[in-house]
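Trainee: Could you take me through a single part of this structure slowly, and then show me what lies around it? I am new to this, so please keep it friendly.

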Amino acid sequence: MAVGLVAFPIARRVHVDWKDSKLPTPKVRFRLVTHQSLDDARRLVEDSASVVVITGAGISTASGIPDFRGPEGVWTKDPNAERLSNIDVFTSSAEVRKASWQQLLARQERPAQPNPAHRALVDFESTGKLEAIVTQNIDGLHVAAGSDPNLVIEVHGNTRMTRCLQCETETPTNLILERVRAGDLDPRCDEHVGSAICGGILKTIVVSFGQPLPRLEFARAEYLAKTCELLICVGSTLMVRPVSDLVPKSLSRGARLLIINAEATPFDDDADVVVRGDIPKVLGAVLGTPVTN
Ligand code: NAD
(Lines give C-alpha, C1' and ligand atoms only; values in the text may rest on other atoms or scores of the structure.)
Protein backbone atom coordinates (compact mmCIF):
# COMPACT_ATOMS: atom_id res chain seq x y z
CA MET A 1 0.00 0.00 0.00
CA ALA A 2 1.32 3.48 -0.85
CA VAL A 3 2.36 5.65 2.07
CA GLY A 4 0.83 9.12 1.71
CA LEU A 5 2.46 12.35 2.79
CA VAL A 6 0.61 14.11 5.62
CA ALA A 7 1.42 16.59 8.35
CA PHE A 8 0.07 16.57 11.87
CA PRO A 9 -0.37 19.11 14.65
CA ILE A 10 2.37 19.09 17.24
CA ALA A 11 -0.11 18.81 20.12
CA ARG A 12 -1.82 15.65 18.82
CA ARG A 13 0.50 12.91 17.67
CA VAL A 14 -2.18 11.26 15.58
CA HIS A 15 -2.85 10.77 11.91
CA VAL A 16 -4.94 13.57 10.50
CA ASP A 17 -6.06 14.29 6.99
CA TRP A 18 -3.72 16.88 5.54
CA LYS A 19 -6.61 18.88 4.09
CA ASP A 20 -8.24 19.22 7.52
CA SER A 21 -5.11 19.87 9.51
CA LYS A 22 -4.39 23.24 11.05
CA LEU A 23 -0.72 23.37 11.79
CA PRO A 24 0.23 25.52 14.73
CA THR A 25 3.61 27.19 14.61
CA PRO A 26 5.78 25.24 17.05
CA LYS A 27 6.79 27.13 20.17
CA VAL A 28 10.30 28.44 19.70
CA ARG A 29 12.47 27.44 22.63
CA PHE A 30 15.90 28.69 21.68
CA ARG A 31 18.32 27.58 24.32
CA LEU A 32 22.03 28.01 24.53
CA VAL A 33 23.91 24.95 23.45
CA THR A 34 25.44 23.70 26.65
CA HIS A 35 28.75 21.91 26.76
CA GLN A 36 26.86 19.25 28.68
CA SER A 37 24.45 18.55 25.82
CA LEU A 38 27.25 18.63 23.24
CA ASP A 39 29.38 16.25 25.29
CA ASP A 40 26.41 13.92 25.86
CA ALA A 41 25.58 13.99 22.16
CA ARG A 42 29.17 13.30 21.14
CA ARG A 43 29.32 10.38 23.56
CA LEU A 44 26.12 8.92 22.12
CA VAL A 45 27.67 8.98 18.64
CA GLU A 46 30.96 7.50 19.88
CA ASP A 47 29.14 4.68 21.66
CA SER A 48 26.99 3.71 18.66
CA ALA A 49 28.11 1.29 15.96
CA SER A 50 25.35 2.13 13.46
CA VAL A 51 23.75 5.50 12.87
CA VAL A 52 20.84 6.67 10.74
CA VAL A 53 20.44 10.43 10.27
CA ILE A 54 17.08 11.98 9.38
CA THR A 55 17.48 15.46 7.92
CA GLY A 56 14.90 18.18 7.36
CA ALA A 57 14.74 21.66 5.95
CA GLY A 58 16.71 23.06 8.92
CA ILE A 59 19.98 21.60 7.66
CA SER A 60 19.70 23.69 4.50
CA THR A 61 18.62 27.09 5.83
CA ALA A 62 22.29 28.10 6.10
CA SER A 63 22.51 27.41 2.36
CA GLY A 64 19.87 30.06 1.78
CA ILE A 65 16.87 27.75 1.36
CA PRO A 66 14.14 28.74 3.83
CA ASP A 67 12.38 26.02 5.82
CA PHE A 68 8.58 25.86 6.10
CA ARG A 69 7.82 26.06 9.81
CA GLY A 70 10.85 27.69 11.44
CA PRO A 71 10.69 31.31 12.68
CA GLU A 72 11.73 32.51 9.19
CA GLY A 73 9.84 29.70 7.44
CA VAL A 74 7.87 30.14 4.22
CA TRP A 75 4.64 29.01 5.91
CA THR A 76 5.32 30.92 9.12
CA LYS A 77 5.54 34.14 7.13
CA ASP A 78 2.72 33.30 4.71
CA PRO A 79 0.28 30.63 5.95
CA ASN A 80 -1.44 30.71 2.54
CA ALA A 81 1.71 29.28 0.93
CA GLU A 82 0.96 25.96 2.65
CA ARG A 83 -1.71 25.08 0.09
CA LEU A 84 0.81 25.30 -2.77
CA SER A 85 2.39 22.08 -1.52
CA ASN A 86 -0.83 20.14 -2.12
CA ILE A 87 -1.11 17.95 -5.21
CA ASP A 88 -4.77 18.92 -5.82
CA VAL A 89 -3.82 22.60 -5.98
CA PHE A 90 -0.96 21.85 -8.38
CA THR A 91 -3.11 19.82 -10.76
CA SER A 92 -6.06 22.23 -10.72
CA SER A 93 -4.20 25.54 -11.12
CA ALA A 94 -2.16 26.48 -14.18
CA GLU A 95 -1.02 29.59 -12.29
CA VAL A 96 0.44 27.50 -9.47
CA ARG A 97 2.24 25.27 -11.98
CA LYS A 98 3.64 28.27 -13.84
CA ALA A 99 4.89 29.81 -10.60
CA SER A 100 6.48 26.52 -9.61
CA TRP A 101 8.40 26.21 -12.93
CA GLN A 102 9.56 29.82 -12.62
CA GLN A 103 10.82 29.10 -9.10
CA LEU A 104 12.77 26.09 -10.39
CA LEU A 105 14.21 28.19 -13.19
CA ALA A 106 15.40 30.82 -10.70
CA ARG A 107 16.98 28.11 -8.52
CA GLN A 108 18.72 26.61 -11.54
CA GLU A 109 20.26 29.98 -12.32
CA ARG A 110 21.41 30.52 -8.72
CA PRO A 111 21.93 27.03 -7.27
CA ALA A 112 22.24 26.74 -3.49
CA GLN A 113 25.54 25.44 -2.14
CA PRO A 114 26.05 22.85 0.63
CA ASN A 115 27.03 24.21 4.05
CA PRO A 116 29.31 22.84 6.81
CA ALA A 117 26.52 20.61 8.16
CA HIS A 118 26.19 18.76 4.85
CA ARG A 119 29.97 18.43 4.75
CA ALA A 120 30.15 17.14 8.34
CA LEU A 121 27.91 14.26 7.26
CA VAL A 122 30.22 13.54 4.33
CA ASP A 123 33.19 13.34 6.70
CA PHE A 124 31.22 11.13 9.09
CA GLU A 125 31.08 8.42 6.41
CA SER A 126 34.75 7.62 7.05
CA THR A 127 33.81 6.22 10.49
CA GLY A 128 31.89 3.43 8.73
CA LYS A 129 28.97 3.96 11.14
CA LEU A 130 26.62 5.84 8.83
CA GLU A 131 23.90 3.51 7.53
CA ALA A 132 21.86 6.18 5.75
CA ILE A 133 20.84 9.81 5.53
CA VAL A 134 17.07 9.77 5.27
CA THR A 135 16.32 13.23 3.97
CA GLN A 136 13.00 15.01 3.67
CA ASN A 137 14.79 17.65 1.63
CA ILE A 138 14.38 17.89 -2.07
CA ASP A 139 17.33 20.23 -2.62
CA GLY A 140 19.94 17.57 -3.50
CA LEU A 141 22.53 19.22 -1.22
CA HIS A 142 23.69 16.01 0.52
CA VAL A 143 24.84 14.53 -2.77
CA ALA A 144 26.13 17.92 -3.97
CA ALA A 145 28.28 18.06 -0.80
CA GLY A 146 29.81 14.70 -1.68
CA SER A 147 27.73 12.22 0.33
CA ASP A 148 27.70 8.73 -1.15
CA PRO A 149 24.44 8.70 -3.20
CA ASN A 150 23.88 5.11 -2.07
CA LEU A 151 23.61 6.36 1.51
CA VAL A 152 21.19 9.20 0.75
CA ILE A 153 17.51 8.23 0.73
CA GLU A 154 15.40 11.09 -0.65
CA VAL A 155 12.03 10.05 0.74
CA HIS A 156 10.27 13.20 -0.52
CA GLY A 157 11.81 12.94 -3.99
CA ASN A 158 13.90 15.58 -5.72
CA THR A 159 13.72 18.24 -8.41
CA ARG A 160 16.24 16.58 -10.73
CA MET A 161 13.60 14.48 -12.47
CA THR A 162 10.16 15.34 -13.77
CA ARG A 163 7.30 12.87 -14.27
CA CYS A 164 4.15 13.04 -16.37
CA LEU A 165 1.17 12.61 -14.05
CA GLN A 166 -0.67 10.79 -16.84
CA CYS A 167 1.73 8.41 -18.65
CA GLU A 168 4.41 8.51 -15.89
CA THR A 169 7.28 9.07 -18.34
CA GLU A 170 10.26 10.56 -16.51
CA THR A 171 12.48 13.26 -18.03
CA PRO A 172 15.42 15.19 -16.54
CA THR A 173 13.98 18.47 -15.24
CA ASN A 174 16.72 20.43 -17.03
CA LEU A 175 15.14 19.47 -20.35
CA ILE A 176 11.72 20.66 -19.22
CA LEU A 177 13.21 23.92 -17.93
CA GLU A 178 14.68 24.57 -21.38
CA ARG A 179 11.11 24.55 -22.69
CA VAL A 180 9.98 26.88 -19.89
CA ARG A 181 12.82 29.26 -20.64
CA ALA A 182 11.78 29.25 -24.28
CA GLY A 183 8.27 30.41 -23.32
CA ASP A 184 6.33 27.17 -22.69
CA LEU A 185 5.18 28.36 -19.26
CA ASP A 186 2.96 25.38 -18.33
CA PRO A 187 4.72 22.57 -20.23
CA ARG A 188 2.78 19.37 -20.95
CA CYS A 189 4.02 15.86 -21.68
CA ASP A 190 5.05 15.53 -25.33
CA GLU A 191 5.41 11.74 -25.32
CA HIS A 192 3.67 9.86 -28.11
CA VAL A 193 0.98 7.53 -26.81
CA GLY A 194 -0.06 5.56 -29.89
CA SER A 195 -0.70 8.16 -32.57
CA ALA A 196 -1.52 10.94 -30.09
CA ILE A 197 0.59 13.20 -27.88
CA CYS A 198 0.08 12.44 -24.17
CA GLY A 199 -0.41 16.07 -23.05
CA GLY A 200 -0.41 15.14 -19.33
CA ILE A 201 0.55 17.55 -16.56
CA LEU A 202 4.28 17.54 -15.76
CA LYS A 203 5.59 17.74 -12.20
CA THR A 204 8.98 17.14 -10.60
CA ILE A 205 9.19 13.93 -8.60
CA VAL A 206 9.02 15.98 -5.38
CA VAL A 207 6.32 14.40 -3.20
CA SER A 208 3.51 16.89 -2.55
CA PHE A 209 1.03 16.53 0.27
CA GLY A 210 -1.56 14.00 -0.86
CA GLN A 211 0.95 12.03 -2.99
CA PRO A 212 2.47 8.67 -2.07
CA LEU A 213 6.11 8.41 -1.04
CA PRO A 214 8.45 6.32 -3.19
CA ARG A 215 7.67 2.86 -1.78
CA LEU A 216 11.05 1.13 -2.04
CA GLU A 217 13.00 4.12 -0.73
CA PHE A 218 10.70 4.49 2.26
CA ALA A 219 10.79 0.74 2.99
CA ARG A 220 14.60 0.89 3.03
CA ALA A 221 14.55 3.95 5.31
CA GLU A 222 12.16 2.20 7.68
CA TYR A 223 14.26 -0.97 7.81
CA LEU A 224 17.44 0.98 8.58
CA ALA A 225 15.71 3.17 11.19
CA LYS A 226 14.45 0.03 12.92
CA THR A 227 17.85 -1.67 12.97
CA CYS A 228 20.25 1.17 13.81
CA GLU A 229 21.69 1.80 17.27
CA LEU A 230 21.33 5.56 17.08
CA LEU A 231 18.82 7.73 15.24
CA ILE A 232 19.84 11.38 14.80
CA CYS A 233 17.17 13.87 13.68
CA VAL A 234 18.63 17.10 12.33
CA GLY A 235 16.70 20.25 11.39
CA SER A 236 13.18 18.92 11.35
CA THR A 237 10.05 19.78 13.31
CA LEU A 238 9.22 16.05 12.89
CA MET A 239 5.68 17.02 12.00
CA VAL A 240 5.43 15.40 8.60
CA ARG A 241 4.30 11.81 8.36
CA PRO A 242 5.30 9.14 7.56
CA VAL A 243 8.92 10.22 8.18
CA SER A 244 8.08 11.25 11.75
CA ASP A 245 6.71 7.73 12.33
CA LEU A 246 10.25 6.42 11.91
CA VAL A 247 11.13 7.92 15.29
CA PRO A 248 8.80 5.81 17.48
CA LYS A 249 9.45 2.79 15.26
CA SER A 250 13.18 3.17 15.83
CA LEU A 251 12.74 3.74 19.57
CA SER A 252 10.52 0.68 19.94
CA ARG A 253 13.38 -1.46 18.56
CA GLY A 254 15.76 -0.09 21.19
CA ALA A 255 17.54 2.65 19.26
CA ARG A 256 18.76 5.73 21.05
CA LEU A 257 17.56 9.12 19.87
CA LEU A 258 19.47 12.38 19.41
CA ILE A 259 17.60 15.48 18.23
CA ILE A 260 19.42 18.54 16.90
CA ASN A 261 17.04 21.40 16.17
CA ALA A 262 16.50 25.02 17.13
CA GLU A 263 12.93 24.39 18.27
CA ALA A 264 10.96 21.87 20.25
CA THR A 265 9.76 18.76 18.44
CA PRO A 266 7.03 16.31 19.49
CA PHE A 267 9.73 13.73 20.31
CA ASP A 268 12.04 15.75 22.58
CA ASP A 269 10.78 13.97 25.69
CA ASP A 270 11.67 10.62 24.14
CA ALA A 271 15.18 11.68 23.16
CA ASP A 272 18.34 10.61 24.98
CA VAL A 273 19.86 13.98 24.15
CA VAL A 274 18.44 17.16 22.62
CA VAL A 275 20.87 19.74 21.24
CA ARG A 276 19.53 23.21 20.52
CA GLY A 277 21.77 25.27 18.35
CA ASP A 278 22.72 26.37 14.90
CA ILE A 279 23.10 23.16 12.93
CA PRO A 280 26.12 24.14 10.75
CA LYS A 281 27.92 25.12 13.95
CA VAL A 282 27.11 22.11 16.10
CA LEU A 283 26.70 19.09 13.81
CA GLY A 284 30.41 18.62 13.10
CA ALA A 285 31.21 18.87 16.80
CA VAL A 286 28.56 16.27 17.66
CA LEU A 287 29.71 13.85 14.95
CA GLY A 288 33.36 14.36 15.80
CA THR A 289 34.01 15.72 12.31
CA PRO A 290 34.32 19.49 12.81
CA VAL A 291 34.28 21.40 9.54
CA THR A 292 35.72 24.87 9.76
CA ASN A 293 34.69 26.41 6.41
P1 NAD B 1 10.25 22.30 8.91
O2 NAD B 1 10.23 23.57 8.14
O3 NAD B 1 8.96 21.76 9.40
O4 NAD B 1 11.24 22.43 10.17
C5 NAD B 1 12.55 22.91 10.08
C6 NAD B 1 13.10 23.02 11.49
O7 NAD B 1 14.48 23.34 11.41
C8 NAD B 1 12.45 24.11 12.32
O9 NAD B 1 12.11 23.62 13.60
C10 NAD B 1 13.52 25.19 12.42
O11 NAD B 1 13.49 25.93 13.62
C12 NAD B 1 14.77 24.36 12.36
N13 NAD B 1 15.93 25.10 11.86
C14 NAD B 1 16.00 25.87 10.74
N15 NAD B 1 17.25 26.32 10.57
C16 NAD B 1 17.99 25.83 11.62
C17 NAD B 1 19.36 25.96 11.99
N18 NAD B 1 20.24 26.65 11.25
N19 NAD B 1 19.75 25.35 13.13
C20 NAD B 1 18.88 24.64 13.89
N21 NAD B 1 17.58 24.47 13.56
C22 NAD B 1 17.14 25.07 12.43
O23 NAD B 1 11.01 21.24 7.99
P24 NAD B 1 10.83 19.66 7.87
O25 NAD B 1 10.59 19.06 9.20
O26 NAD B 1 11.96 19.20 7.03
O27 NAD B 1 9.47 19.46 7.06
C28 NAD B 1 9.10 20.32 6.05
C29 NAD B 1 8.79 19.73 4.72
O30 NAD B 1 9.25 20.73 3.84
C31 NAD B 1 9.52 18.49 4.31
O32 NAD B 1 8.59 17.68 3.70
C33 NAD B 1 10.57 18.95 3.29
O34 NAD B 1 10.54 18.09 2.16
C35 NAD B 1 10.08 20.27 2.81
N36 NAD B 1 11.09 21.35 2.63
C37 NAD B 1 12.29 21.05 2.09
C38 NAD B 1 13.23 22.04 1.91
C39 NAD B 1 14.56 21.69 1.29
O40 NAD B 1 14.63 20.76 0.49
N41 NAD B 1 15.64 22.37 1.67
C42 NAD B 1 12.94 23.36 2.30
C43 NAD B 1 11.68 23.64 2.83
C44 NAD B 1 10.77 22.61 3.01
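Mentor: Happy to! We need one idea before we start: two residues are in contact if their C-beta atoms, placed from the backbone, lie within 7 Å. Please also keep in mind that this is a predicted model.

Let us choose helix H7, which spans residues 173-181. Which of its residues are buried? Thr173, Ile176 and Leu177 are. Here "buried" means that 20 or more other C-beta atoms lie within 10 Å of a residue's own. These three cover an arc of only 100° around the axis, so they sit on the same side of H7. A general rule helps here: an α-helix has 3.6 residues a turn, so residues three or four places apart point the same way. Now turn the helix around in your viewer. On the face turned away from the buried side you find Asn174 and Leu175, which are exposed.

What do the buried residues of H7 pack against? Their partners are helix H4 (94-109) and three strands, S5 (161-164), S6 (170-172) and S9 (202-204). Just past the end of H7, look for Gly183, whose phi is positive, at about 115°.

Those three strands belong together. They form an open sheet in the order S6-S5-S9, and the pairing is antiparallel. S6 and S9 are the edge strands, each pairing on one side only. On average, neighbouring strands of this sheet are turned by 30° against each other, direction ignored. H7 packs on the sheet and touches S5, S6 and S9, with a direction that makes about 75° with that of S6. As for what holds a sheet together, strands pair through backbone hydrogen bonds, either parallel or antiparallel. Between S5 and S9, which run antiparallel, there are three bridges. You can pick out one pair by eye: Arg163 stands opposite Lys203 in S9.

For contrast, let us visit another sheet. It is open and has six strands in the order S4-S3-S2-S10-S12-S13, with parallel pairing. Its edge strands are S4 and S13 (273-275), each pairing on one side only. Here the average turn between neighbouring strands is 15°, direction ignored. Helix H8 packs on this sheet, touching S2, S3, S4 and S10 (230-234), and its direction makes about 130° with that of S3.

How much of S3 is buried? Six of its six residues are. On one side, S3 is joined to strand S2 (residues 51-55) by five bridges, and the two run parallel. Val51 has Leu130 as its bridge partner in S3. S3 also pairs in the parallel sense with strand S4 (residues 152-154), over three bridges. There, Val134 stands opposite Ile153 in S4.

Two residues around this sheet show how the chain folds back on itself. Thr227 is found in H8, which covers residues 215-227. Thr227 has 14 other C-beta atoms within 10 Å, so this residue counts as partly exposed. Along the sequence Thr227 and Val51 are 176 residues apart, while their C-alpha atoms are 9.3 Å apart in space. The second residue is Gly140, in the loop between strand S3 (130-135) and helix H6 (141-145). Gly140 is partly exposed because it has 19 C-beta neighbours inside 10 Å. Leaving aside residues up to four places away in sequence, Gly140 touches Asn158 and Arg160. Gly140 is also 17 residues from Gly157 in sequence and 9.4 Å from it in space, C-alpha to C-alpha.

Now zoom out to the whole protein, with its 10 helices and 13 strands. Of its 293 residues, 40% are buried. Among contacts with a separation of 6 or more, 68% are between residues 24 or more positions apart.

There is a ligand to find as well. How many residues surround the ligand? There are 27, and the closest are Gly56, Gly58, Asp67, Gly70 and Asn137. By class, this shell has nine nonpolar, 13 polar and five charged residues.

To return to where we began: Thr173, Ile176 and Leu177 are the buried residues of H7, and Asn174 and Leu175 are the exposed ones on the face turned away.

Technical notes
Residues numbered from 1 in each chain as written. Predicted model: local features only at pLDDT ≥ 70, side-chain atom pairs only at ≥ 80, totals over all residues. Near = placed C-beta within 6 Å. Nonpolar A, V, L, I, M, F, W, Y, C, P; charged D, E, K, R; others polar. Helix = DSSP H or I, 4+ residues; strand = E, 2+ residues; numbered from the N terminus. Buried ≥ 20, exposed ≤ 12 C-beta atoms within 10 Å, placed from the backbone. Arc of directions from axis to C-beta. Pairing = 2+ DSSP bridges. Axes fitted to C-alpha atoms, helices over the stretch in contact; angles between N-to-C directions.
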